[in-house]
Amino acid sequence: MLTNLSDIDLRLLRVFVAVAESHGVSAAQEALLMNQSTISTHLATLETRLGFRLCQRGRSGFMLTPKGERMLIACRNLFNAARDFTRVSQSLNGLLTGDLQIGLVDNLVSLPGNPFSRAIKRFQRRHQDVQLQCRICSPVEIEQGLLNQQIDLGIGYFGQQLDELQYRPWAVETQAIYCSSDHPLFTVEQPSREQIENARWVKRGYLLAQQLCPVAPLNLGAVAHHMEGVAHLLLSGEYLGYLPTHYAARWVEQGELRQLGGQALSYQAMLSLVTRPGQPKEALIALLEDLSRFAREPQTKNPATAGLEKAN
């Protein structure tokens with residue numbers, strides 16, 4: 001019977017958790033960097049110290065015993081408590097700790113000045129031991145992730161705001177209409193507004209045309225929820241659509257895309273920082289401060305952004 005936990009016991013318990021979460025001794029070898037024989041020996045030692053079987057293993061497969069299932073829960077609680085204790089002691093020493101889950105709309109990396117990367121660089125210079133986890137999401141996925149507490153910070157376009165979340169304007173980018181070199185309007189010197197609006201369009205699923213876009217396309221032939229999807233469809237030569245000017249620049253320089261309508265049919269879209277209300281993690285407060293240092297304000301006012309600016 002195990003009465004007092006030693007360092008050896010803790011190591012054996014971590015082996016057990018890895019085996020249970022990998023659903024077998026063989027599958028846990030890579031995670032533990034141990035061979036199968038060593039893992040089996042550790043499990044047998046732990047079971048001897050505990051005085052009961054934790055799992056069934058052999059030709060019939062791997063399965064936790066009822067006591068093994070309860071022990072797995074107890075081990076997770078133990079290790080979570082130890083991790084929380086370490087984080088509290090570190091935070092009392094002024095060290096930022098924990099995990100930050102960040103959801104981003106795609107292709108922020110080509111924003112002029114790359115403000116997100118610069119903010120991350122500044123954050124890394126802080127007294128911190130924070131693990132950042134970044135994922136690319138649509139704005140709807142960002143909002144749902146925040147509401148479900150799976151995301152701590154979102155950066156994206158949000159035409160309509162949810163009362164349950166907090167939105168802070170962060171950066172502005174110019175959106176313009178593009179067509180590819182294979183599209184009939186590519187060679188038209190000055191396409192009319194009517195020609196542009198009557199062409200087949202790809203629409204971004206998360207930007208509301210009535211709030212932002214200066215044109216009202218009549219033929220919406222496709223919807224894409226990420227900018228890369230819009231770019232693929234534009235480059236097919238079958239559609240017109242909006243892209244951020246910084247993102248489209250690479251194809252414009254190569255002669256594969258052309259902007260249509262000029263400034264009159266372009267608009268500025270606001271990227272916002274989105275969080276849950278309440279008392280955020282200290283690490284999140286610090287990251288928001290760093291992001292705010294590199295916020296990008298609009299260069300000129302555009303009437304097409306009035307609805308979004310009011311919303312944000």
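**Figure 1. Gly-159 in a loop.** Gly-159 sits in the loop between strand E5 (153-156) and E6. The model shown here and in the other views is predicted. Gly-159 has a relative accessibility of 11%, so the residue counts as buried. Buried means under 20%. Follow the chain from Gly-159 to Met-270 and you cover 111 residues in sequence. In space, their C-alpha atoms are 9.0 Å apart.

**Figure 2. The largest nonpolar core.** This core has 63 residues. Five of them touch the most other members: Trp-170, Ile-177, Leu-240, Leu-243 and Leu-291. Which strand gives the core its largest share? Strand E6 (residues 166-180) does, with seven residues. Another core lies apart from this one. That second core has 22 residues, including Ala-18, Ile-39, Leu-50 and Cys-75.

**Figure 3. A tilted pair of rings, Trp-201 and Tyr-242.** Four aromatic pairs occur in the structure. In this one, the ring centres of Trp-201 and Tyr-242 are 5.6 Å apart. Their planes meet at 50 degrees, so the pair is tilted. Trp-201 belongs to strand E7 (residues 200-204) and Tyr-242 to strand E9 (residues 241-244). The two are 41 residues apart, and the pair links distant parts of the chain. Are these residues buried or exposed? Trp-201 and Tyr-242 are both buried. Together with Tyr-267, they form one aromatic cluster.

**Figure 4. An edge-to-face pair in helix H9.** Tyr-247 and Trp-251 form an edge-to-face aromatic pair. The distance is 5.2 Å centre to centre, with 85 degrees between the planes. Both residues lie in helix H9 (residues 245-253). They are four residues apart, so about one helical turn separates them. Tyr-247 and Trp-251 are both buried. His-246 is also found in helix H9. At 13% relative accessibility, His-246 counts as buried. His-246 and Leu-108 are 138 residues apart in sequence, yet 9.4 Å apart in space, C-alpha to C-alpha.

**Figure 5. Charged ends over rings.** Two arginines appear in this view. The charged end of Arg-14 sits over the ring of Phe-79, 3.9 Å from the ring centre. Arg-200 places its charged end over the ring of Tyr-239. Here the distance to the ring centre is 5.8 Å.

**Figure 6. Glu-143, a buried charge without a salt bridge.** Glu-143 is part of helix H6 (residues 139-147). Glu-143 is buried but has no salt bridge. How far away is the nearest side chain of opposite charge? That side chain belongs to Arg-276, 13 Å away. Glu-143 does have a polar contact with Tyr-167. Their side chains are joined at 2.7 Å.

**Figure 7. The salt bridge between Asp-9 and Arg-49.** Side chains of opposite charge can pair when their charged atoms come close. The whole structure holds 11 salt bridges. One of them joins the side chains of Asp-9 and Arg-49, at 2.5 Å from N to O. Asp-9 is in helix H1 (residues 7-22), and Arg-49 is in helix H3 (residues 36-50). The pair links distant parts of the chain, 40 residues apart. Asp-9 has a relative accessible area of 0%, so it is buried. Arg-49 is partly exposed, at 35%.

**Figure 8. The salt bridge between Asp-290 and Arg-122.** The side chains of Asp-290 and Arg-122 meet at 3.3 Å, N to O. Asp-290 lies in helix H10 (residues 282-293) and Arg-122 in helix H5 (residues 115-124), so the salt bridge ties together parts 168 residues apart in sequence. Asp-290 counts as buried, at 0% relative accessibility. Arg-122 counts as partly exposed, at 35%. Which residues share a network of salt bridges with this pair? Arg-126 and Glu-289 are linked with Arg-122 and Asp-290 in that network.

**Figure 9. A salt bridge between two loops.** Lys-281 and Asp-152 meet through their side chains in a salt bridge of 3.3 Å, N to O. Lys-281 lies in the loop between strand E11 (267-275) and H10. Asp-152 lies in the loop between H6 and E5. The pair therefore ties together parts that are 129 residues apart in sequence. Lys-281 is partly exposed, at 39% relative accessibility. Asp-152 is buried, at 8%.

Technical notes
Residues are numbered from 1 along each chain as its sequence is written. This is a predicted model: local features need pLDDT of at least 70, side-chain atom pairs count only at pLDDT 80 or more; totals for chains, interfaces and linings use all residues. Side-chain values use heavy atoms; hydrogens and water are left out. A nonpolar core is a set of buried Ala, Val, Leu, Ile, Met, Phe, Trp, Tyr and Cys residues joined through side-chain atoms within 4.5 Å. Buried means under 20% relative accessible area, exposed over 50%, partly exposed in between (1.4 Å probe, protein chains only). Rings of Phe, Tyr and Trp (its six-membered ring) pair if their centres lie within 6.5 Å; planes under 30 degrees apart count as stacked, over 60 as edge-to-face and the rest as tilted. A charge sits over a ring if NZ of Lys or CZ of Arg is within 6 Å of the ring centre and within 35 degrees of the ring normal. Lys and Arg count as positive and Asp and Glu as negative; His and the chain ends are not counted. A salt bridge is a side-chain nitrogen of Lys or Arg within 4 Å of a carboxyl oxygen of Asp or Glu. A polar contact is a pair of N or O atoms within 3.5 Å; within protein, one must be able to donate a hydrogen and the other to accept it, and residues adjacent in sequence count only if both atoms are side-chain atoms.
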